Amino acid sequence: MYGGRLLLNRTGKIGVITFLLALTLLPGVTVVTASSITPWFRSVESAGNAYNPVGVHWSGHQLIVVSSIYPSSSSRIYGSVMRLSLGNGSLVNATVFLIQGFGDTIPGSSLYDTGTGALYIAGRIIRQYPYANSAFIAKIDPETGRTYWTGIFNASLLGWNALSFEDLCLLDGYIYATGFYMNNVAGNEDILLVKANSTDGSLLWAKTFSRSNEQELGYGITCAENNVYVLASLSYNNGRIHRVAVLDFSVNGTYKWGREIGGSVYMSTGDIEYGDGIVYTLNALDFYSLLLGSIPILTAVNATDGRILWNKIENNTASIINFQPTGGIYYKDHKLYVASFDTDIVNNTFIIYDRLSLAKINPNSTVEWFYALGGASLDIYPISLYIIELQGNNIPVAVGLFDHPGLTRGTRSMFAAILQNHMVPTVYTWTNGENFSNLTLVDPSTPKNKTIVVPYYGNFTVLVKDAWEDATVTNRSIPSSELYPVSNTGLQWIPGNLVYMDPATVYGSLQYHLAIANTSIVLSTPYSTVGGIILTPPVEPVGGTSQLAATATLSVAAIILALLSRRAK
């Protein structure tokens, strides 16, 4: 537990039992143990609002979820930070923010530094749809609302230019971020890569990389061993074909090697992760079948020279007419956890439901276990995955998009979930006030035939088999002569002002629906409405002391003084 280690180091004499007691007295803090954690699933929604989660993190005692929210009552898009309890996902705190003086603030990715407790958020600022005129990185304290710094790449003076940060990583005290920047002379996007000091936000360098007359966009990034690995999307034939690529840069921004993955099949980017000398990427093969669809593909690349070690696809021929978020990957204890989506078909219909799937895969590509979570009339699309280590146990937590028939028109719901770290069929009783369905955890690898009726085309028999299977995918090396640095004259790195808004006004009536992996538990109420009682962290200047921090200090101090007083007697 990070908070425990830091507090023990700071106080020196305080014991573990006393520390746990102190934590129970802090506002919004609940002490949890690995044995007390059971899987749960919560949907988060407000009537008419649209959510898009981009990251989930573990602070040492709470979950942190970063998202964007598009309220039905506003023409603005806001950034959002939620803090949830680990035990059952209940809402502890929620805030919304904008970059002052600009337009819509849309987070693209987030990163939590367990050493300092700081949360980094990167994204884009839109002034007029669909062009992103600015990109931002912000460093905040998710528990106190303190803003350390906000840096903005401003391209407003350059005409219609797309500019965005899509992902970021932290290495040796420096933030690296990737995204894209459209040169309005050529009219094509180029890969954007920047390096900034994590302490004060000062920019060290910014570089863009391009190919001749095509689009190149940076979507994912991971840092390790003095290397910066970027997951990029490359277009060919005027955007008619898209392939993905793993690009290796030095910490000075020098291009070292690149490996392009994909041939004539349209591919879309997903996530990238480093582990023990291997770079893993999760992407999607689109237009894979006759009926059109997406299939997740997992690729392992040698981190030193870019050689492809293996490819696996989640072979699910039922993934049709679906172009959804691919999912997330996380490397922990020499194992790769993969959260993606697969599809189930209602027999004799053309009705398709997407499920969340979770796999545990070894570096040699063997699959330890694999399961799917879903239910009738429900669609679940994972976006971000995190593995919490708690008392020697690994606990998977995921966030993503969630659709169900009870949603008000125009609403897009999100979910947060604690998942099982093994394959045991389980029913998650999901109560949402309408009681129309259960979430069921199943083993999807057993083949089964299903008949679907396609309008105007007749009946098709589809073999529904979900399994991570070996695959061969076309790939090639990208020489430095093909991907070269280009000038980005005109980009301005300027300080920004991140301002918190009234969350009750933005969220409206925020509803939390709970699913628990225990059918004997009955919720007393279908949901709780918390829109009117959301706590807002105070916005304070650098060096200030928040009320929460002050209360925490007093709580711990009171316990220490009480113990010392008892010892003196």
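Strands here are DSSP runs of E at least two residues long, numbered from the N terminus. The model shown in every panel is predicted.

**View 1. The turn between β14 and β15, with Glu225 in it.** Glu225 sits in the loop that connects β14 and β15. Its phi is near 50°, a positive value in a residue that isn't glycine. Glu225 is exposed, since its relative accessible area is 60% and the cut-off for exposed is over 50%. As for the strands on either side, β14 and β15 (residues 227–236) run antiparallel and are joined by eight bridges. One place to look is Cys223, whose bridge partner in β15 is Val228.

**View 2. The disulfide between Cys169 and Cys223.** Stay with Cys223 and look at its sulfur: a disulfide joins Cys223 to Cys169, with an S to S distance of 1.7 Å. This pair links distant parts of the chain, as Cys169 belongs to strand β10 (residues 163–171) and Cys223 to strand β14, 54 residues apart. Both ends are tucked away, with Cys169 buried and Cys223 buried too. Searching the whole structure turns up one disulfide. For anyone who wants the chemistry, a disulfide is a covalent bond between the sulfur atoms of two cysteines.

**View 3. The open sheet that contains β14.** Five strands make up an open sheet in the order β14-β15-β16-β17-β34, and their pairing is antiparallel. At the edges are β14 and β34, each of which pairs on one side only. Going from one strand to the next, the twist averages 20°.

**View 4. A salt bridge between β16 and β17.** Arg243 and Glu260 form a salt bridge, and their closest N and O atoms are 3.0 Å apart. Here too, distant parts of the chain are linked: Arg243 is in strand β16 (residues 241–250) and Glu260 in strand β17 (residues 255–261), 17 residues apart. Arg243 is buried, and Glu260 is buried as well. As a reminder, side chains of opposite charge can pair when their charged atoms come close.

**View 5. Asp248 with Lys256, and the wider salt-bridge network.** Asp248 and Lys256 also form a salt bridge, this time with 4.0 Å between the closest N and O atoms. How buried or exposed are the two partners? Asp248 is buried, at a relative accessible area of 1%, whereas Lys256 is partly exposed at 46%. Elsewhere, salt bridges with shared partners join Arg211, Glu216, Arg243, Glu260, Arg476 and Glu482 into one network.

**View 6. Glu482 meets Arg211.** These two members of the network form a salt bridge with each other, their closest N and O atoms 4.0 Å apart. Glu482 lies in the loop between β34 (475–477) and β35 (484–486), and Arg211 in the loop between β13 (203–210) and β14 (216–224), so this salt bridge ties together parts that are 271 residues apart in sequence. Glu482 counts as partly exposed, at 21% relative accessibility, while Arg211, at 6%, counts as buried. The count for the structure comes to eleven salt bridges.

**View 7. Aromatic rings, with Tyr120 and Trp149 as the example.** The whole structure holds 16 aromatic pairs. In one of them, the ring centres of Tyr120 and Trp149 are 6.4 Å apart and the planes are at 55°, so the pair counts as tilted. This pair also links distant parts of the chain, with Tyr120 in strand β7 (residues 118–128) and Trp149 in strand β9 (residues 147–154), 29 residues apart. Both residues are buried. Another spot worth finding is the cluster of Phe41, Phe402 and Phe415, linked by ring pairs.

**View 8. Two lysines over tyrosine rings.** Lys139 lies over the face of Tyr148, 4.9 Å from the ring centre. Lys195 does likewise with Tyr174, at 4.4 Å from the ring centre.

**View 9. Arg124 on β7.** Arg124 lies in strand β7. Arg124 counts as partly exposed, at 25% relative accessibility. Look for Thr105 too: Arg124 and Thr105 are 19 residues apart in sequence, and C-alpha to C-alpha they are 6.3 Å apart in space.

**View 10. Gln391, with a positive phi.** Gln391 isn't a glycine, but its phi is positive, at about 55°. Where does Gln391 sit? Gln391 is in the loop between β26 (379–390) and β27 (393–403). Gln391 is exposed, with a relative accessible area of 55%.

Key: Residues are numbered from 1 along each chain as its sequence is written. This is a predicted model: local features need pLDDT of at least 70, side-chain atom pairs count only at pLDDT 80 or more; totals for chains, interfaces and linings use all residues. Side-chain values use heavy atoms; hydrogens and water are left out. A salt bridge is a side-chain nitrogen of Lys or Arg within 4 Å of a carboxyl oxygen of Asp or Glu. Helices (H or I, at least four residues) and strands (E, at least two) are DSSP runs, numbered from the N terminus. Buried means under 20% relative accessible area, exposed over 50%, partly exposed in between (1.4 Å probe, protein chains only). A disulfide is a pair of cysteine sulfur atoms within 2.5 Å. Rings of Phe, Tyr and Trp (its six-membered ring) pair if their centres lie within 6.5 Å; planes under 30 degrees apart count as stacked, over 60 as edge-to-face and the rest as tilted. A charge sits over a ring if NZ of Lys or CZ of Arg is within 6 Å of the ring centre and within 35 degrees of the ring normal. Two strands pair if DSSP finds at least two bridges between them. Axes are lines fitted to C-alpha atoms, for helices over the stretch in contact, and angles run from 0 to 180 degrees between N-to-C directions.
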